[in-house]
Amino acid sequence: RFTDVVGPDTAPRIASPAHGRVRVGLLGCGVVGGGVLERLLAEPDRFEIAGVLVRDLDKHLQAARKAPFTDDQDAFAALDVDLFVDTGCGIEPSRQLIAHFLARGICVASANKQAIAVDRAGLQAAAVGDAELAYSAAVGGSVPLLETAARCRHDRPALVERDEAQLLAEARHQVEARGDVV
């Protein structure tokens with residue numbers, strides 16, 4: 001269903017739904033969320049913005065001309081989406097919405113460090129069907145390394161253990177080269 005390519009030809013992991021474009025629900029429209037929104041709007045053949053949940057609609061009047069914005073969490077949670085993207089800050093409502101969408105069988109991509117850190121295992125356990133929780137953006141920018149490593153660990157454990165050791169050794173070398181305490 002999904003394809004991962006990490007490197008110069010990095011490919012997205014989102015499979016096109018049977019009905020065409022990927023319908024996206026986006027939480028937050030600050031610096032990160034605004035960038036995500038612009039990127040999604042730039043590919044109208046692939047993505048449809050089902051809704052953007054924000055705290056203060058008045059702050060987003062300009063962006064609201066491009067996509068449906070709301071401050072109603074219940075209405076947002078009821079949206080028909082294929083993917084929920086969390087760029088919120090703080091634990092709530094991110095954690096609640098992540099769990100809600102995963103329990104509905106909807107894939108989630110989160111850039112929210114706090115929501116993931118407080119209950120990663122519980123959030124992953126909430127997933128039903130093919131729903132997945134992707135959170136590399138919360139800990140490593142746009143590199144899909146964590147999810148890819150988890151899948152590789154299952155398929156090729158010896159390879160991942162070797163690569164993890166190499167990554168740790170390289171990280172230690174870089175820290176020592178800068179003179180930081182290890």
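## Around Ser94 and Asn112

A good place to start is one side-chain pair: Ser94 and Asn112 meet in a polar contact of 2.9 Å. Keep in mind that this is a predicted model, so a word on confidence comes further down.

Where do the two partners sit? Ser94 belongs to helix H3, which covers residues 94–103. Asn112 is in the loop between strand E5 (107–110) and H4. Ser94 has a relative accessibility of 1%, and because the cut-off for buried is under 20%, it counts as buried. Asn112 is buried too, with a relative accessible area of 2%.

Asn112 has further polar partners. A polar atom of its side chain lies 2.8 Å from the backbone oxygen of Gly90. The Asn112 side chain also reaches the backbone nitrogen of Gln114, at 3.0 Å. That second contact is made by a side-chain oxygen, and with it Asn112 caps the N-terminal end of H4.

As for Ser94, which residues does it touch once neighbours within four places in sequence are left aside? The list is Leu27, Asp86, Gly88, Asn112 and Ala115. Ala115 brings us back to H4, where it is buried, along with Ile116 and Leu123.

### Helix H4

H4 itself spans residues 113–126, which makes 14 residues. From its first C-alpha to its last it reaches 18 Å, close to the 20 Å expected at 1.5 Å a residue. There is also a bend of about 85 degrees in H4, placed at Asp119. An α-helix has 3.6 residues a turn, so residues three or four places apart point the same way.

### Salt bridges

Now for the charged side chains. Side chains of opposite charge can pair when their charged atoms come close. Counting them up gives 6 salt bridges. Here are some of them, with the distance between the closest N and O atoms.

| Pair | Closest N–O distance |
|---|---|
| Glu48 and Arg21 | 3.3 Å |
| Glu38 and Lys66 | 3.1 Å |
| Arg39 and Glu43 | 3.2 Å |

Take Glu48 and Arg21, whose closest N and O atoms are 3.3 Å apart. This pair links distant parts of the chain, 27 residues apart: Glu48 is in strand E2 (residues 47–53), and Arg21 is in the segment before strand E1 (22–27). Glu48 is partly exposed, with a relative accessible area of 26%. Arg21 counts as partly exposed as well, at 34% relative accessibility.

Glu38 and Lys66 form a salt bridge at 3.1 Å. This one, too, joins distant parts of the chain: Glu38 is in helix H1 (residues 31–41) and Lys66 is in the loop between E2 and strand E3 (69–70), 28 residues apart. Glu38 counts as partly exposed at 40% relative accessibility, and Lys66 is partly exposed with a relative accessible area of 48%.

What about the salt bridge between Arg39 and Glu43: are its ends buried or exposed? Arg39 is exposed, with a relative accessible area of 54%, whereas Glu43 counts as buried at 18% relative accessibility. Beyond single pairs, salt bridges that share partners tie Arg21, Arg23 and Glu48 into one network.

### The whole chain, and how far to trust it

Stepping back, how many helices and strands does the protein have? It has 7 helices and 6 strands, and from the N terminus on they run β-α-β-β-α-β-α-β-α-β-α-α-α. Of the 182 residues, 33% count as buried. Among contacts with a separation of 6 or more, 55% come from residues 24 or more positions apart.

On confidence, the protein averages a pLDDT of 79, and 64% of the residues score at least 70. Where is the confidence lowest, and where is it highest? The low end is helix H7 (residues 157–178), with a mean of 55, and the high end is helix H2 (residues 73–77), at 98. Residues 1–7 stay under 50, and for that stretch the model has 18 contacts beyond four places in sequence. Where pLDDT is low, the predicted coordinates should not be read in detail.

How values were computed:
Residues numbered from 1 in each chain as written. Predicted model: local features only at pLDDT ≥ 70, side-chain atom pairs only at ≥ 80, totals over all residues. Heavy atoms only, no water. Helix = DSSP H or I, 4+ residues; strand = E, 2+ residues; numbered from the N terminus. Expected span 1.5 Å × (residues − 1). Bend = angle between axes of the 7 residues up to and from the residue. Buried < 20%, exposed > 50% of the residue type's maximum accessible area, 1.4 Å probe, protein only. Polar contact = N/O pair within 3.5 Å; in protein donor to acceptor, adjacent residues only side chain to side chain. Contact = heavy atoms within 4.5 Å. Salt bridge = Lys/Arg side-chain N within 4 Å of Asp/Glu carboxyl O. pLDDT = per-residue confidence, 0-100.
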